[in-house]
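Here's a quick briefing on the charged pairs in this protein. Have the sequence and the fold open as you read.

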Amino acid sequence: MDSEVHSYTTGGVEVVLDLTRDVAAFAAGRGDGLLHVFVPHATAGLAILETGAGSDDDLLAALGDLLPADDRWRHRHGSPGHGRSHVMPALVPPYATVPVLDGRLALGTWQSICLVDLNVDNAVREVRFSFVAG
């Protein structure tokens, strides 16, 4: 297995950050196999969805409806509503696996691999890309 860690700055706002270009570059030239993407954080997740046409904003809005940033959460350190960020990975998991065929991600036409981060208290995220040859 080949594996490497990439760092991303998400800043102090909720974000859906498209990682597809970086993931595709990591997979390039590796032949057939599986590419696994993993976020080793308790408050971030990965989603495969269309970006740039409003779906990324729709996802943040849906998560805001499901997980409001208010004082209902028992996990209460950090910014208001921080506890919801610890619940989010149950809905948006911290991993995604994509087939790789001849060194290319086998994603659908409009699919992108995105880091989802609601935690405005941590501005830097690490993401591990791992390739298992077929």
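What follows is a short run through the salt bridges and how accessible their partners are.

This is a predicted model, where local features need pLDDT of at least 70, side-chain atom pairs count only at pLDDT 80 or more, and totals for chains, interfaces and linings use all residues. Residues are numbered from 1 along each chain as its sequence is written, and side-chain values use heavy atoms, with hydrogens and water left out. Four salt bridges turn up in the structure (a side-chain nitrogen of Lys or Arg within 4 Å of a carboxyl oxygen of Asp or Glu), and three of them are covered here, including R30 with D2.

**R30 and D2**
- R30 pairs up with D2 in a salt bridge, with 2.7 Å between the closest N and O atoms.
- R30 sits in the loop between α1 (20-27) and β3 (33-38) while D2 belongs to strand β1 (residues 2-9), so this bridge ties together parts 28 residues apart in sequence. Helices (H or I, at least four residues) and strands (E, at least two) are DSSP runs, numbered from the N terminus.
- R30 is partly exposed at 25% relative accessibility, and so is D2 at 40% (buried is under 20% relative accessible area, exposed over 50%, partly exposed in between, with a 1.4 Å probe and protein chains only).

**E14 and R84**
- E14 and R84 form a salt bridge at 2.0 Å, N to O.
- That pair links distant parts of the chain, 70 residues apart: E14 is in the loop between β1 and β2 (15-18), and R84 is in helix α3 (residues 82-87).
- R84 is buried at 4% relative accessible area, whereas E14 is partly exposed at 31%.

**R72 and D70**
- R72 and D70 meet through their side chains in a salt bridge, 2.6 Å from N to O.
- R72 is exposed at 52% relative accessibility, while D70 is partly exposed at 25%.
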